[in-house]
Amino acid sequence: MTRKRVVLDANILIRAVLGVRVRDLIGQYGEEVSLFTPTVAFEDATKHVPIIVLFKVFGHAL
């Protein structure tokens, strides 16, 4: 049987870092599927996560 392949975009990466559900799903199915992420998705997530965290913690960016 061929493993299924899933491409994760920046939004999914951010949800995996800041949330619970996506992280749990990756943990649950990560051994059964091949997960791929384009470099640009990592770059976007790296750029946006600090801003999102500031909004979550302080209600606004500094």
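In this predicted model, Ile 14 counts as buried because its relative accessibility is just 11%, under the 20% cut-off. Ile 14 sits in helix α1. Leaving out neighbours within four places in sequence, Ile 14 is in contact with Gly 19, Ala 45, His 48, Val 49 and Ile 52. Distance along the chain and distance in space are two separate things here: Ile 14 and Asp 44 are 30 residues apart along the chain, yet 9.3 Å separates their C-alpha atoms.

Ile 14 has some company in helix α1. The buried residues of this helix are Ala 10, Leu 13, Ile 14 and Ala 16. They lie on the same side of α1, because the arc they cover around the axis is only 160°. A bit of helix geometry helps here: an α-helix has 3.6 residues a turn, so residues three or four places apart point the same way. What about the face of α1 turned away from the buried side; which exposed residues does that face carry? Asn 11 and Arg 15 are found there. As for the buried residues of α1, what covers them includes α2 (21–29) and α3.

The start of α1 has its own detail. Asp 9 is placed in the loop between β1 (4–7) and α1 (10–18), and this residue caps the N-terminal end of the helix. A side-chain oxygen of Asp 9 lies 3.2 Å from the backbone nitrogen of Asn 11. The backbone nitrogen of Ile 12 also gets a polar partner, with a polar atom of the Asp 9 side chain 2.9 Å away. Is Asp 9 buried, exposed or partly exposed? Asp 9 counts as partly exposed, because its relative accessibility of 36% falls between the 20% and 50% cut-offs. Asp 9 pairs up with Asp 44 in another way: the two are 35 residues apart in sequence and 9.1 Å apart in space, C-alpha to C-alpha.

Next comes the nonpolar core. The largest one has 7 residues, namely Leu 8, Ala 10, Leu 13, Ile 14, Ala 41, Ala 45 and Val 49. The elements giving two or more residues to this core are α1 and α3. Helix α3 (residues 39–58) is also home to Phe 42. Phe 42 is partly exposed, because its relative accessible area is 45%, between the 20% and 50% cut-offs. Not counting residues up to four places away in sequence, Phe 42 touches Leu 13 and Thr 37. Phe 42 and Ile 52 are 10 residues apart in sequence, and their C-alpha atoms are 15 Å apart in space.

The model also has some open space to look at. The largest pocket has a volume of about 190 Å³. Which elements give two or more residues to the lining of this pocket? Those are α2 and β2 (33–36), and α2 gives the most, with 4 residues. Among the residues lining the largest pocket are Val 22, Leu 25, Ile 26 and Tyr 29, along with Val 6, Leu 8 and Ile 12.

Strand β2 brings in one last residue, Ser 34. The side chains of Ser 34 and Arg 3 are joined by a polar contact of 3.2 Å. Setting aside residues up to four places away in sequence, Ser 34 touches Arg 3, Lys 4, Arg 5 and Val 6.

How values were computed. Residues numbered from 1 in each chain as written. Predicted model: local features only at pLDDT ≥ 70, side-chain atom pairs only at ≥ 80, totals over all residues. Heavy atoms only, no water. Buried < 20%, exposed > 50% of the residue type's maximum accessible area, 1.4 Å probe, protein only. Polar contact = N/O pair within 3.5 Å; in protein donor to acceptor, adjacent residues only side chain to side chain. Contact = heavy atoms within 4.5 Å. Arc of directions from axis to C-beta. Core = buried A, V, L, I, M, F, W, Y, C linked by side-chain atoms within 4.5 Å. 1 Å grid on protein atoms, 1.4 Å probe; cavity = no way out; pocket = protein on both sides within 12 Å on 5 of 7 lines; lining within 4 Å. Points joined across faces, edges and corners; volume = space filled by probe spheres on them.
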